[in-house]
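Colleague: I should like to go through the reasoning behind the terms applied to this model. Please set each value against its definition before drawing a conclusion.

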Amino acid sequence: MRLIRRLFFLLLLVIVVGPVVLILVAIEDSPGVSVMKTLDTGGATRARDLAVRTISTLFTPAETASISASKRELNELMALMARGLGPVKGGVEVTEEGLKAVVTLHLPHNPLGDYINLRFGFEPSPTGLDLAPVALGRIEIPGAAVVEALRLGFDLVLGGAQGTAVVGSIRAVTFEFDRMTVALVPVPDLKESLQGVADRLAEVRDQVALLGDPAVVRAYYAKLMELDQNRQGAGALSLAEYVGPVFALARSRSAGGDPAAENQAAVLALAIYHGDRRFERLIGPVRTEEMKANEPRRRHVMLRDRQDLTLHFIISAGLEIVASSGVNLAIGEFKELLDAAGGGSGFSFSDLAADRTGARFAQVARDGGGGARRLQEVLAGAAEEDLFFPAIAGLPDGLTDAAFQSRFGGIDGAEYKKLVDEIDRRIAQRAAYRDG
């Protein structure tokens, strides 16, 4: 019995003290990265192209293939990812001796230290993946141990020995000047394994219902269908003509319950109906077969007489439900940067305003501190656009890369931030977002 008590005490000590010690050793007083690359329109395009190129290579059958990226491309990709992760910065250095990367998380100020730094790298290898020692603060782990952990992790997630196959598919890693090239062979049945992961995640999604009960979302989707049927033959309509009745239903359904939960279901139904039906994959089975047979009138639903603003607004609201605000706003900025590049429609501050308004709309809709109920009262019934969507007069649209950089100095420029502040001021003036 005494031995059992000692073992129990030791286990409790490891569980309680272990994480505390880990945190103390991982936290540092200075950042590994204090300034990172600014993402411009060209950088956004290169980051997208690198991601597309990598995915295409991984899923294209071939005896051998390679993925190559320059130091600039890798830093631009890291800048894009960090833009959506709030207090995270990162940087990559590539030489002929290998790749060194640092990712820094800026913590809220505390007496232990303000930063957690992750350092890792790749070394040249003609026979596979050679990972340099990985350091988390003052904790250093041998690269071979990390590779083995990755292999086991992929085996667990993908099933079978797919993790072993993924790690083994890397045949060589070479460096020339500031460019890294990974030579690999295709992984058999990778698509099927990933589909299996997606199926298992769908099962978990349905069991956990992180985004609420699909049946509740279905009730709002049915309401939207009813509204469409009552407007057969009508021309262009404002999204407000759907928002008002939907939030009237939310107010009624939550009279003795949780307004935030009902509002969330309403926003998700709007995101599927007037945005993108792929939101349903994140929620669970919302539409019945009969519902799937009826196409929404998306092309005729406007905000400020523009259908693209409806899409920006409602998709951004849906994304805010399933992701953090920072990630969502970064997506909006990234899309506009791509549009400013060659072949796009140009950087649009009106689109960006719709993105930011959609995010704010969803935030207030889920505010259990009073915002959710207040939003219902403002919007229920015959809602008007001015109640929840800002004026876009005077916002520049269709800016080319050169014009955007010259006039606003990129997304980190003072003039850009000044205009974004103006957009946020316009949003805050709407009755839906005012306190009291």
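The exchange below treats three helix contacts and then a pocket.

Modeller: Please bear in mind throughout that the model is predicted.

Colleague: Why is H8 called oblique to H15?

Modeller: The axes of H8 (residues 240-253) and H15 (residues 371-379) cross at roughly 130°. An angle counts as roughly perpendicular from 65 to 115 degrees and as roughly antiparallel over 145. The value falls in neither range, and therefore H8 is oblique to H15. The two axes come within 8 Å, and their crossing is left-handed.

Colleague: What makes this a contact, and which residues of H8 and H15 meet?

Modeller: Contact requires heavy atoms within 4.5 Å. Val243, Gly244, Phe247, Ala250 and Arg251 in H8 meet Leu375, Gln376, Glu377 and Leu379 in H15. By class, the residues of this contact are five nonpolar, two polar and two charged. Gly counts as polar.

Colleague: Why is H7 described as oblique to H8?

Modeller: H7 (residues 214-230) packs against H8 at an angle of about 140°. Only angles over 145 count as roughly antiparallel, so H7 is oblique to H8. The axes lie 10 Å apart, and the crossing of H7 and H8 is right-handed.

Colleague: Which residues make the contact of H7 with H8, and how do they divide by class?

Modeller: H7 contributes Val216, Ala219, Tyr220, Lys223, Leu224, Leu227 and Asp228, while H8 contributes Glu241, Tyr242, Pro245, Val246, Leu249, Ala250 and Arg253. They divide into 10 nonpolar, no polar and four charged. Tyr counts as nonpolar under the scheme used.

Colleague: What makes H14 roughly perpendicular to H15?

Modeller: H14 (residues 349-365) and H15 pack at an angle of about 115°, with their axes 7 Å apart. The roughly perpendicular class covers 65 to 115 degrees, and H14 is therefore roughly perpendicular to H15. Phe361, Val364 and Ala365 of H14 meet Gly371, Ala372, Leu375 and Leu379 of H15. This contact has six nonpolar residues, one polar residue and no charged residues.

Colleague: How many residues line the largest pocket, and which lie nearest its centre?

Modeller: The lining comprises 45 residues, with Thr54, Phe122, Ile170, Met180 and Val182 nearest the centre. The volume of this pocket is about 1400 Å³.

Colleague: How do the lining residues of the largest pocket divide by class?

Modeller: The lining has 40 nonpolar, four polar and one charged.

Conventions. Residues are numbered from 1 along each chain as its sequence is written. This is a predicted model: local features need pLDDT of at least 70, side-chain atom pairs count only at pLDDT 80 or more; totals for chains, interfaces and linings use all residues. Side-chain values use heavy atoms; hydrogens and water are left out. On a 1 Å grid over the protein atoms alone, a cavity is a set of points where a 1.4 Å probe fits but cannot get out, and a pocket is an open set with protein on both sides within 12 Å along at least five of seven lines; lining residues have an atom within 4 Å of a point. Grid points are joined across faces, edges and corners, and a volume is the space filled by probe spheres set on the points. Axes are lines fitted to C-alpha atoms, for helices over the stretch in contact, and angles run from 0 to 180 degrees between N-to-C directions. Helices (H or I, at least four residues) and strands (E, at least two) are DSSP runs, numbered from the N terminus. Angles under 35 degrees count as roughly parallel, over 145 as roughly antiparallel, 65 to 115 as roughly perpendicular and the rest as oblique. A crossing is left-handed if the near helix is turned anticlockwise from the far one by less than a right angle, and right-handed if clockwise.
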